[in-house]
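Please take a moment to look over the sequence and the structure shown here before reading on. The paragraphs that follow go through helix contacts, ring pairs and some single residues in turn.

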Amino acid sequence: MSLIQWKTMERRVNPDIVTYSSIIAGLSRLGRLTEAMEKFNQMIALGVQPDKVVYHALIRGFCIDGDLAKAKQLVSEMMNRGIPRPNISFFSSLIKSLCQEGRVMDAHDIFDLVIDMGERPDDILFNSLIDGYCLVRKMDKALKVLDVMESVGVEPDVITYNTLVNGYCRNGRIDDGLTLFREMPRKRIKPDTISYCVIMDGLFRSGRTVSGREMFHEMIESGTTVSISTYNIILGGLCRNNCADEAIALFQKLGSLNVKFSIAIVNTMINAMYRVGRREEAKELFAGISASGLVPNESTYGVMIMNLLKDGAVEDANNVFSSMDKSGIVPSSRLLNDIIRMLLEKGEIAKAGNYLSKVDGKSISLEASTTSLMLSLFSREGKYREDMKLLPAKYQFFDGFC
């Protein structure tokens, strides 16, 4: 509702609690707290008693704005009116929201407010705050929150440890992550699928392939459920660490056991097969995607096109691009730029020109690296200067550039 509509309505009728709630909530969400309080005071002056919804909207607004003194005042006021104060879930939601925005110190201030009000934080509240510190790479503070959590008698759970282990792995502190991972059973916390996936991904990303393999076998032996995400991590990790043949063997073994893969795994394996020269297997895997019940996505087509171009199979790459177009998948700016650069580098100027026309048709801009390459190739001293006429007219402005 606009302010004009509000003024018109005010002249016609006396607004009720539902109307005031909507207006106050809207103003609070927009951060217009002065106006929200004006409406709040107005409703009280008119004899309309505020309810829990009104107070929650204002308290949330002042917490997000950082005015915790005002938020606390409103909490006291609503209790004096006999309205139950916001529960832990209300503040957990606030803390989680602020942490996701990177406002961890503001979230911690609300955490302190909860304690100051005499509330006992639960595991969800602690986990949200720990996750916030992990997101902003302040692992020492995340650990301090864990210490506080245990000191007040709130037992950390598998989510707590998964969050911390993931935080360490994302920050490249894999050994600290492993230490916490090994601590879980001693705390009577059984690592779950996410626990193993997080630590395996960290190991593979840090190049510790042997440890990643061992962790995968440990996971299987422990009876922990192996998910699609697990296969993504182990196969992707092996490929990333120059163990493509091993990854292909595992992929084929799992396929014979009727393991259902995601299209992301298939994309990874097609690329791995090309990397080790197993082109026919890659083409067969691509051709059989639909029969396996999967649907190729832009990444699938992109992997095929770029590998075909690397092999010099320009016409085959064009055919795959046409298939993508017919399937209704719109190529991204990144893919088109990658294709154009590859064709230019291979001297396929006319073909690159065709893709430049596609860029124009889709209103996608050229990346700086693509423009730089074109300047280099078509400048006064560029080796393809004479071929510049093969480009669309708008790209022939490179003529004369040094």
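Are F90 and F91 buried or exposed? Both F90 and F91 are buried, and this is a statement about a predicted model, as are the others that follow. The count of aromatic pairs comes to 8, and F90 and F91 form one of them, an edge-to-face pair with 5.2 Å from centre to centre and 90 degrees between the planes.

F91 also takes part in a contact between helices, in which I88, F91, S92, I95, K96, C99 and Q100 of helix 6 meet I124, L125, S128, L129, G132 and L135 of helix 8. Helix 6 spans residues 88-100 and helix 8 residues 123-135, and the two pack at an angle of about 5 degrees with their axes 9 Å apart. Because angles under 35 degrees count as roughly parallel, helix 6 is roughly parallel to helix 8. Sorted by class, the residues of the contact of helix 6 with helix 8 are 8 nonpolar, 4 polar and 1 charged.

Beyond helix 8 the chain enters the loop between helix 8 and helix 9 (139-151), where R137 is found. A general point helps in reading this loop: most residues other than glycine have a negative phi. R137 has a positive phi of about 65 degrees although it is not a glycine, and with a relative accessibility of 58% R137 counts as exposed.

L164, by contrast in its surroundings, lies in helix 10 (residues 158-170) and is buried, with a relative accessible area of 0%. If neighbours within four places in sequence are left aside, the residues in contact with L164 are I130, C134, M139, A142, L143, L146 and L180. The C-alpha atom of L164 is separated by 35 Å from that of L335, a residue 171 places away along the chain.

A second pair of helices to examine is formed by helix 14 (residues 228-240) and helix 16 (residues 263-275), whose axes come within 10 Å and cross at roughly 20 degrees. Helix 14 and helix 16 are therefore roughly parallel to each other, and their crossing is left-handed. On the side of helix 14 the contact is made by I228, Y231, N232, L235, G236, C239 and R240, and on the side of helix 16 by A264, I265, T268, M269, A272 and R275. The contact of helix 14 with helix 16 has 8 nonpolar, 3 polar and 2 charged residues.

Which residues do ring pairs link into a cluster with Y231? The cluster consists of Y231, F251 and F261. Within it, the rings of Y231 and F261 have centres 6.4 Å apart and planes at 75 degrees, so this pair is edge-to-face. Y231 lies in helix 14, whereas F261 lies in the loop between helix 15 (244-256) and helix 16, so the pair ties together parts that are 30 residues apart in sequence. Y231 is buried at a relative accessible area of 11%, and F261 is buried at 15%.

N258 is found in the loop between helix 15 and helix 16. Although N258 is not a glycine, it has a positive phi of about 60 degrees, and at 60% relative accessibility N258 counts as exposed.

Further along the chain, M324 is found in helix 19 (residues 314-326) and is buried, with a relative accessible area of 0%. Apart from neighbours within four places in sequence, M324 is in contact with E298, Y301, I305, I329, P331 and L335. The C-alpha atoms of M324 and N297 are separated by 8.4 Å, while the two residues are 27 residues apart along the chain.

The last helix pair to consider is helix 2 (residues 17-29) and helix 3 (residues 33-45), which pack at an angle of about 165 degrees with their axes 8 Å apart. That angle makes helix 2 roughly antiparallel to helix 3, and the crossing of the two is left-handed. In this contact I17, Y20, I23, I24, L27 and S28 of helix 2 meet L33, E35, A36, K39, F40, Q42 and M43 of helix 3, and the residues divide into 9 nonpolar, 2 polar and 2 charged.

Terms used: Residues are numbered from 1 along each chain as its sequence is written. This is a predicted model: local features need pLDDT of at least 70, side-chain atom pairs count only at pLDDT 80 or more; totals for chains, interfaces and linings use all residues. Side-chain values use heavy atoms; hydrogens and water are left out. Axes are lines fitted to C-alpha atoms, for helices over the stretch in contact, and angles run from 0 to 180 degrees between N-to-C directions. Helices (H or I, at least four residues) and strands (E, at least two) are DSSP runs, numbered from the N terminus. Angles under 35 degrees count as roughly parallel, over 145 as roughly antiparallel, 65 to 115 as roughly perpendicular and the rest as oblique. A crossing is left-handed if the near helix is turned anticlockwise from the far one by less than a right angle, and right-handed if clockwise. Contact means heavy atoms within 4.5 Å. Ala, Val, Leu, Ile, Met, Phe, Trp, Tyr, Cys and Pro count as nonpolar, Asp, Glu, Lys and Arg as charged, and the others, Gly among them, as polar. Rings of Phe, Tyr and Trp (its six-membered ring) pair if their centres lie within 6.5 Å; planes under 30 degrees apart count as stacked, over 60 as edge-to-face and the rest as tilted. Buried means under 20% relative accessible area, exposed over 50%, partly exposed in between (1.4 Å probe, protein chains only).
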